[in-house]
Amino acid sequence: VRYLHPSLEPILEKTYGVVLFQEQVIDIAHAVAGFTPGEADRLRRTMSHARSQEEMAEIGRLFVRKAVERGVPKETAEAIFQCLAGYASYGFNEAHAAAFADTAYRTAYLVRHHPAAFFAGILSSQPMGYYPLHTVVTDVRARGVEVRPPDVRRSARECTVEDGGAAIRLGLALISGLSRRTQERIVEARSEQPYAGVLDFLARAAPSRDEAEALALSGALDGLAEGRRRALLWALPEAYRRLEERTALPIAQAARAVAGDAAGAGGAAQALAADPPDLLPNLPEFAPEERVVHEWQYLGIPLTAHPMAFWRDRLRRRGYLSSPEVARAAAGSRVKVAGLPVRPHRPPTRSGRIVVYVSLEDEWGLVDVVILEDLYQREGGVLFGERLPPVAVEGIVERRGRGVQVVARHVAALGRSRRAAARARP
């Protein structure tokens, strides 16, 4: 490592002569140019916020003048300031960088050695982070950890680890529309005695009818209803009618009795016998696609199957590659790939032109896609909105080190041809 001036060595030694941290900018300004703390902080703020070129030039002249007054050759002072200017918009403060590095190391360790426990914590801490739930679950499965549906007989409020780390049991808190008190009541009631059936569960856990529907469609009642979600959904009104007849109390009073805050409930919360055989009607079960829609609605996670699995046969016939196949594709090859768009974003660029970055998620993982401005203006509308359809991309494979990305040439909602998409554009 060579230093432009001896005073830089103690400041830049640990970063091998490269200006990385905001603290180094302040130290250099003080050591080389004798900046006061206020002047040095102004330099830091100017650089870290990418202020105007005029302001940068003004503070640069001040830096060079004061450095020359301290005996630093003008050429050297100008070169040092150019190094500082190259830091602008990229710099971090050192404490922030250290916290990121520490968190990244701990995360990598946990993912490698304790993936089920780590991801159970992530899933229990939603909403958080950059990726949606379904992307986290796809990653969990890719690491060999099974993701099991919520189950009123087994689930806690939060996600838990089962079978020594081989599986994650989803928690009741992930079910949309299920109140915290009902979640707690489900766990409390079964701690005394297992649920004998659907009627027993409704009597002792006392969910509202909307909550019972959410439990049924999310799969949390599969263990009590033999996995017959459509039959259970159809039977819920009759189940509530029979329950109220049997207990002679409205379901709300049964709930208060279980919670222990209503005296004289008449034993409504006592365990009931197993369900009568005629409770669930003989109905065909939901199709796998329907189960996925319901799971997505109530959990944000497709557990029956990944949505792209229903497209896979057609995609293969049309030459689309899976994410593992794209990862093995040669640089420069033209590929077609499809998936659920994950977190499309448009960060600022030095040129000012729009570049959209998006990941496409399939059954096995993610493919990173880059969409340049001209293509985005023509076809990029499918990437932004509240309900994003699966997206098909044709593009060129680029490799950077071990990373792979596809630079898009065409983008369309899956199932729509480019010609149809073009006709739909205003």
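Modeller: An axis here is a line fitted to C-alpha atoms, for helices over the stretch in contact, and angles run from 0 to 180 degrees between N-to-C directions. Helices (H or I, at least four residues) and strands (E, at least two) are DSSP runs numbered from the N terminus.

Colleague: OK. What kind of model is this?

Modeller: It's a predicted model, where local features need pLDDT of at least 70 and side-chain atom pairs count only at pLDDT 80 or more, while totals for chains, interfaces and linings use all residues. Residues are numbered from 1 along each chain as its sequence is written, and side-chain values use heavy atoms, with hydrogens and water left out.

Colleague: Let's start with α4 and α5. At what angle do their axes cross?

Modeller: Roughly 140°, with the axes of α4 (residues 53–69) and α5 (residues 74–87) coming within 9 Å. That crossing makes α4 oblique to α5. On angle words: under 35 degrees is roughly parallel, over 145 roughly antiparallel, 65 to 115 roughly perpendicular, and the rest oblique.

Colleague: Which residues make the contact between them?

Modeller: From α4 you have Met56, Ile59, Gly60, Phe63, Val64, Ala67 and Val68. On the α5 side, Lys74, Ala77, Glu78, Ile80, Phe81, Leu84 and Ala85 take part. Contact means heavy atoms within 4.5 Å.

Colleague: And how many of those residues are nonpolar?

Modeller: The α4–α5 contact has 11 nonpolar residues, plus 1 polar and 2 charged. Ala, Val, Leu, Ile, Met, Phe, Trp, Tyr, Cys and Pro count as nonpolar, Asp, Glu, Lys and Arg as charged, and the others, Gly among them, as polar.

Colleague: Next pair: where do α6 and α7 sit in the numbering?

Modeller: α6 covers residues 94–113 and α7 covers residues 115–124. Their axes come within 5 Å and cross at roughly 120°, so α6 and α7 are oblique to each other. Thr107, Leu110, Val111, Arg112 and His113 of α6 touch Pro115, Phe118 and Phe119 of α7. That contact breaks down into 5 nonpolar, 2 polar and 1 charged residues.

Colleague: Which strands does α7 lie across?

Modeller: β2 and β3, and α7 runs at about 25° to β3.

Colleague: In what order do the strands of that open sheet come?

Modeller: The order is β1-β3-β2, an open sheet of 3 strands with mixed pairing. β1 (146–148) and β2 (160–162) are the edge strands, each pairing on one side only. The twist from one strand to the next averages 30°. β1 and β3 (residues 167–169) run parallel, joined by 3 bridges, and Glu146 stands opposite Ala167 in β3. Two strands pair if DSSP finds at least two bridges between them.

Colleague: Switching topic: which strands make up the closed barrel?

Modeller: There are 5 of them, running β4-β5-β6-β8-β7 with mixed pairing. Neighbouring strands in this barrel sheet are turned by 55° against each other on average, direction ignored. β6 (residues 366–372) pairs with β8 (residues 403–413) in the parallel sense over 3 bridges. Val369 stands opposite Val406 in β8.

Colleague: Back to helices. How many residues of α8 are buried?

Modeller: 7 of its 10, so α8 (residues 133–142) is mostly covered, where buried means under 20% relative accessible area, exposed means over 50%, and partly exposed is in between (1.4 Å probe, protein chains only). The buried ones are Leu133, His134, Thr135, Val136, Val137, Thr138 and Val140. After α8 comes Gly144, with a positive phi near 85°.

Colleague: Which residues does a cis peptide bond join?

Modeller: Gln126 and Pro127, with omega about -5°. Pro127 is in the loop between α7 and α8. In general, most residues other than glycine have a negative phi, and most peptide bonds are trans.

Colleague: Then what about the phi of Tyr16?

Modeller: Tyr16 has a positive phi of about 55° although it isn't a glycine. Tyr16 lies in the loop between α1 (9–12) and α2 (22–33).

Colleague: Does Tyr16 count as buried or exposed?

Modeller: Exposed, at 64% relative accessibility. Asp163 is another residue other than glycine with a positive phi, near 55°. Asp163 lies in the loop between β2 and β3 and is exposed, with a relative accessible area of 53%.

Colleague: Last one: at what angle do the axes of α9 and α10 cross?

Modeller: Roughly 115°, with the axes of α9 (residues 180–192) and α10 (residues 198–205) coming within 9 Å. That makes α9 roughly perpendicular to α10. Arg185, Ile186, Ala189 and Arg190 in α9 meet Phe201, Arg204 and Ala205 in α10. By class, this α9–α10 contact has 4 nonpolar, no polar and 3 charged residues.
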